[in-house]
Amino acid sequence: MKISNKVSRLFGKFANFRFPSGIQRFINWVYVRIFDINMSEFGDISSYPSLNALFTRSLLQHRDFDASIDALISPCDALITECGKIQNNTALQIKGMSYQVNELLGEKDGLDQEYSYINFYLSPKDYHRYHAPCEMEVFEVRYFAGELLPVNKPSLKKNTDLFIKNERLVVVCKDVKGKIMYFVAVGALNVGQMVLHFENRVQTNTIANQNAIYTYEVPKIIKKGDELGMFKMGSTVVIFIKDVKNLPLIDNKVKFGDVIGQFV
């Protein structure tokens with residue numbers, strides 16, 4: 001097992017441990033202060049019985065978003081680190097560092113150039129749950145075991161094929177226009193687990209650490225804005241989608257529900 005996976009598993013145990021209430025409140029307070037987390041949409045720090053409960057905090061109230069069929073919304077609170085069109089089956093993990101898209105997705109053939117990609121980096125301060133950016137008709141989930149290298153900018157600039165090396169979940173579906181779309185959750189250092197609510201067979205960063213594919217004869221329908229799952233720490237989401245325009249600018253901060261594109 002890679003050292004990053006071991007560290008992440010140990011950190012996960014610490015994050016899941018429930019300290020006495022006074023100590024846990026102090027741990028939560030320190031974390032919120034260090035990362036300057038805005039808790040206005042969430043519960044009081046004393047309401048979270050573990051650090052992991054704080055990491056995976058849910059919204060207290062529903063966020064409004066554009067429900068129109070043509071609007072693509074952000075699946076998470078994040079920084080847009082890259083965004084653009086696929087060229088010759090390559091996409092950027094960050095400027096100057098490209099990778100083969102079919103290797104990331106587990107596809108035999110490359111994607112055509114009608115596809116766009118958007119990279120969302122979730123920092124330790126961000127809301128760690130991810131949602132459907134449009135209505136999704138899910139017919140397959142692919143789990144790829146791998147390393148848990150950091151996915152911050154210094155690491156993206158240093159490590160070639162980082163997204164391919166790292167543990168990841170690939171949700172294969174049709175979007176609201178009936179085109180094939182890929183929603184990728186990429187693991188990272190200290191991400192003890194990635195969760196998909198609709199597929200409890202997925203067990204990330206486990207001892208077995210085996211690749212797996214789950215297919216559905218009857219596709220799972222996920223409504224726009226519905227919660228897909230969560231990271232148990234910050235990480236990265238990448239979506240690959242066809243026929244969209246007005247994509248977000250690189251280095252822009254977005255929040256779940258913000259419009260990030262329009263279907264053509």
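This is a short talk on the cysteines, the aromatic contacts and one loop residue of the structure above.

The model is predicted, so please keep that in mind throughout.

I will start with the cysteines. How many disulfides does the structure hold? Zero. As a reminder, a disulfide is a covalent bond between the sulfur atoms of two cysteines. Take Cys-134: the closest cysteine sulfur belongs to Cys-173 and is 6.7 Å away. The cut-off for a disulfide here is 2.5 Å between the sulfur atoms, so that separation is too far for a bond. Looking from the other side, Cys-173 has the sulfur of Cys-134 as its nearest cysteine sulfur and is in no disulfide.

Are these two cysteines buried or exposed? Cys-134 has a relative accessible area of 1% and is buried. Cys-173 comes out at 0% relative accessibility, so this residue counts as buried as well.

Next, the aromatic residues. Searching the whole structure gives eleven aromatic pairs. One of them is formed by Tyr-130 and Phe-183. Their ring centres are 5.8 Å apart and the planes meet at 45°, which makes the pair tilted. Where do the two rings sit in the chain? Tyr-130 belongs to strand 6, residues 129-131, and Phe-183 to strand 9, residues 180-186. With these positions 53 residues apart, the pair links distant parts of the chain.

On accessibility, Tyr-130 is at 0% and therefore counts as buried. Phe-183 is at 1% relative accessibility, and this residue counts as buried too.

There is also an aromatic cluster, made up of Tyr-31, Phe-35 and Phe-55.

Two charged side chains are placed over rings. Arg-57 lies over the face of Phe-42, 4.8 Å from the ring centre. Lys-220 lies over the face of Tyr-216, and there the distance to the ring centre is 5.0 Å.

Last, the loop residue, Asn-88. Which elements flank its loop? The loop runs between strand 2, residues 78-85, and strand 3, residues 90-94. Asn-88 has 65% relative accessibility and so counts as exposed; the threshold for that class is over 50%. For a long-range distance, consider Asn-88 and Val-184, which are 96 residues apart along the chain. Their C-alpha atoms are separated by 20 Å.

To recap: the structure has zero disulfides, Tyr-130 and Phe-183 form a tilted aromatic pair, and Asn-88 is exposed. That is all from me.

Technical notes. Residues are numbered from 1 along each chain as its sequence is written. This is a predicted model: local features need pLDDT of at least 70, side-chain atom pairs count only at pLDDT 80 or more; totals for chains, interfaces and linings use all residues. Side-chain values use heavy atoms; hydrogens and water are left out. Helices (H or I, at least four residues) and strands (E, at least two) are DSSP runs, numbered from the N terminus. Buried means under 20% relative accessible area, exposed over 50%, partly exposed in between (1.4 Å probe, protein chains only). Rings of Phe, Tyr and Trp (its six-membered ring) pair if their centres lie within 6.5 Å; planes under 30 degrees apart count as stacked, over 60 as edge-to-face and the rest as tilted. A charge sits over a ring if NZ of Lys or CZ of Arg is within 6 Å of the ring centre and within 35 degrees of the ring normal.
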